[in-house]
Each structure stands twice: as C-alpha cells, then as structure tokens.
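This report describes a single protein chain for a reader who has not met it before. It begins with contacts between aromatic rings and then turns to helices and nonpolar cores.

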Amino acid sequence: MTFLPKWPTFLKGKEVVIANAIIAILTIGGQQLFSFFTFSCPCHVGQNLIYGLAFLGVPALILLVVGYALNNQTWRLVTGKRSPLQAEGTQNQLLQCKLTCFVLCSITGRALVAPVTWLAVTLINGSYYVCAMSEYVSVYYYGANPNITASDRKKILAAFPCSQLVPPELSRARDEVILLLRYQSQVAGWLLIAVVVITVFLSYCLASCFSPLSFLHFRYWTSYVHNEQELFDEATDQHSKLYAIQHIRKFFGFVPGSENVGEIRIPSLREWQAISGLAFLKLVDEEHYDYSLLHDWALKGSVDRKYLKLDEDPVTTT
C-alpha cells in the first residue's frame with residue numbers, strides 16, 4: 001500500500017512522455033483500422049507506386065500538420081511579438097533567435113511523434129511497400145517464359161500483390177517476391193525506429209549538456225512553468241467571466257444565477273441588431289480592443305432604462 005502513493009509523484013513532470021505514448025498508441029490503432037478498411041492495391045502498372053506511396057506518405061503529412069496545429073506553442077511562436085520591455089541589442093537578438101530555434105525544434109519533435117509512428121508501423125506491416133514496389137523487383141520468377149518483354153514482365157510483377165490475379169505456375173515466384181519486399185519494408189521500418197530513438201536520446205543529452213540549469217533546478221523550473229500555466233488558465237477563465245458578467249448585466253439587467261431578481265431590462269430592437277451578426281477583434285485605441293459586439297455595445301456609454309419589474313402583473317401594468 002505504501003507503493004501506490006508514489007505513482008503520482010513518479011508521473012508528475014512526465015506528462016509529455018505520457019502524451020507522446022498515447023499519441024503513438026492511437027496512431028498504431030488508427031493505422032491498423034485504416035489498412036483493414038480502406039487499403040486495396042490496384043495491382044496495375046504505374047498505379048501501384050502512386051497508390052502505395054499516397055497511403056504511406058499522405059496520412060503522415062496530415063498527422064504532421066495536425067501535430068503542429070494542436071500545439072499551443074505553435075500559435076505562441078506565430079503570434080508572438082517582441083516584448084517592449086526587452087532592450088534592443090545584438091545580444092538580445094541572438095538570445096531571441098536561439099529561443100525561437102529551441103521552441104521550433106520542440107514543436108517539431110512533438111509533431112513528429114504521430115507521423116513517424118505511422119511510417120514505422122506501415123513499413124513494418126509491409127503491405128503498402130509491397131504494393132508500391134512490386135513491379136520494380138529485380139528477380140527472375142520461376143516458370144515464366146524468359147522471352148517475355150519487359151512490359152509484360154512489369155505487368156506480371158505488378159499483379160503479385162493480388163494473389164487472385166497471379167497464374168498458378170507463378171505462385172512460388174509471387175511468394176518469393178512478397179517475402180523479399182516485406183523483408184525490405186520491415187528492415188526500413190526498424191531502421192527508422194532506431195534512427196529516431198537514437199536522435200531523440202542524443203538531442204536530450206546535448207540539451208542537458210548545454211543547459212545552464214542543474215537536474216534538480218530543471219525539474220523545479222518545469223514544475224513552476226506547469227503550475228503557472230494552470231493558474232493562468234484558471235485566472236483567465238475567472239477574469240473573462242467576471243468581465244463578461246458586467247456586459248451581460250448591462251444588457252439584460254441581471255446575470256445568470258442571480259437570486260431574487262426584482263426587474264429585468266428589455267433591450268430595444270436596435271440594441272438586438274447591434275449585438276447580432278459577425279464580429280471581429282476591433283482595435284479601439286493603441287492599448288485596447290473590443291472583443292465582441294456585446295462588448296462594443298456595453299462600452300459605448302449610457303443606455304435607456306427600459307426595465308420590467310417582476311413582482312408586477314404584466315397585464316395590469318400595460
């Protein structure tokens with residue numbers, strides 16, 4: 001029982017590793033389902049290569065783009081601006097460049113988890129590679145006429161991924177070609193995994209060697225940044241809610257959750273039109289923005305006092 005409370009401590013600070021593992025597992029499961037339900041080699045000259053490479057590379061490219069898009073650091077890097085508190089100077093520019101490169105490498109490393117997993121799993125599976133490269137195999141198959149043309153030979157090899165299209169006398173040759181291609185594909189897949197693992201390990205080693213922080217100081221800094229972000233998100237949610245409450249109260253005369261509401265405000269048609277429609281972030285002055293149409297309406301000044309008391313009978317008051 002004393003071992004169980006140590007798990008939260010052990011897992012703290014390893015959220016990135018856990019998230020990458022979950023992404024890899026989901027990618028593997030998605031790849032298996034994708035292959036089972038959608039992949040069907042055309043077994044035709046000139047089409048096998050395009051089809052196989054498309055299924056191998058396009059999903060990996062999509063996963064890479066999604067990995068970039070889902071990372072908050074990407075948008076911080078894209079929308080970030082130099083702080084006016086930073087003094088101009090060559091040294092600061094160099095530090096800013098180093099920081100940008102570091103963040104970009106970090107984002108890329110996170111974004112590559114899913115596509116590299118996809119490529120490795122598909123190569124180890126071998127089906128896509130067999131389909132793409134079958135017509136380019138340099139092997140003499142058994143039972144074939146040695147006098148056939150290169151075009152006919154390519155047609156026969158292109159049909160090898162589809163067993164129902166291969167003549168019975170070439171079944172042995174087909175098995176040999178399929179085994180050869182699967183061997184090449186699986187070796188490439190394991191080499192890819194080995195290269196990625198070694199690269200990641202060496203990157204962490206180099207980053208640790210050149211880091212000005214000690215191991216314990218780095219753990220403290222990581223914990224601080226994580227806690228600061230959580231508290232900032234909570235404060236952002238509460239601050240924006242309190243700020244929005246002021247505008248909602250001005251428009252309706254009360255806010256959700258209020259008790260013993262004595263009266264409500266009746267907005268006019270023009271006011272409903274003012275807060276309806278499409279809204280963009282609007283620059284008010286050099287320091288402030290309007291976040292929404294309701295925000296813009298609430299900041300424009302006084303409004304009319306059309307209120308309805310809830311303790312009165314609406315029929316008698318009219």
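The structure, which is a predicted model, holds 7 aromatic pairs. A pair of aromatic rings is described by the distance of the centres and the angle of the planes. Two of the pairs are set out below.

| Pair | Centre to centre | Angle between planes | Class |
|---|---|---|---|
| Phe55 and Tyr128 | 5.9 Å | 70 degrees | edge-to-face |
| Phe218 and Trp221 | 5.7 Å | 45 degrees | tilted |

Phe55 belongs to helix H3 (residues 48-69) and Tyr128 to helix H7 (residues 127-133), so their pair ties together parts that are 73 residues apart in sequence. Are these two residues buried or exposed? Phe55 is buried, because its relative accessible area is 15%, under the 20% limit. Tyr128 is buried too, with a relative accessible area of 2%.

The pair of Phe218 and Trp221 sits within one element: both residues lie in helix H10 (residues 215-252), 3 residues apart, which is about one turn of the helix. Phe218 counts as partly exposed at 39% relative accessibility, and Trp221 counts as partly exposed at 43%.

H10 has 38 residues, and from its first C-alpha to its last it reaches 55 Å, close to the 56 Å expected at 1.5 Å a residue. Just after H10 comes Gly253, with a positive phi of about 90 degrees. Ring pairs also link Phe251, Phe252, Trp272 and Trp297 into a cluster.

Phe55 and Tyr128 appear again in the largest nonpolar core, which has 11 residues. Among the others are Phe39, Leu56, Trp118, Leu123 and Cys162. H3, helix H6 (113-125) and H7 each supply at least two residues of this core. Which helix gives the most to this core? H3 does, with 3 residues. Apart from this core lies another, of 10 residues, including Val130, Val166, Ala173 and Leu181.

Leu123, one of the residues of the largest core, touches Leu56, Ser185, Gln186, Ala188, Gly189 and Leu192, leaving aside residues up to four places away in sequence.

An unreviewed UniProt entry carries the annotation "transmembrane region" for residues 16-37, 49-70 and 187-210. In the model, residues 49-70 are 95% helix and 0% strand, and the end C-alpha atoms of this span lie 31 Å apart. Residues 187-210 are 100% helix and 0% strand, with 34 Å between the end C-alpha atoms.

Terms used: Residues are numbered from 1 along each chain as its sequence is written. This is a predicted model: local features need pLDDT of at least 70, side-chain atom pairs count only at pLDDT 80 or more; totals for chains, interfaces and linings use all residues. Side-chain values use heavy atoms; hydrogens and water are left out. UniProt positions are given in the numbering used here, feature names are shortened, and annotations may be inferred rather than shown by experiment. Helices (H or I, at least four residues) and strands (E, at least two) are DSSP runs, numbered from the N terminus. Rings of Phe, Tyr and Trp (its six-membered ring) pair if their centres lie within 6.5 Å; planes under 30 degrees apart count as stacked, over 60 as edge-to-face and the rest as tilted. Buried means under 20% relative accessible area, exposed over 50%, partly exposed in between (1.4 Å probe, protein chains only). The expected span of a helix is 1.5 Å times one less than its number of residues. A nonpolar core is a set of buried Ala, Val, Leu, Ile, Met, Phe, Trp, Tyr and Cys residues joined through side-chain atoms within 4.5 Å. Contact means heavy atoms within 4.5 Å.
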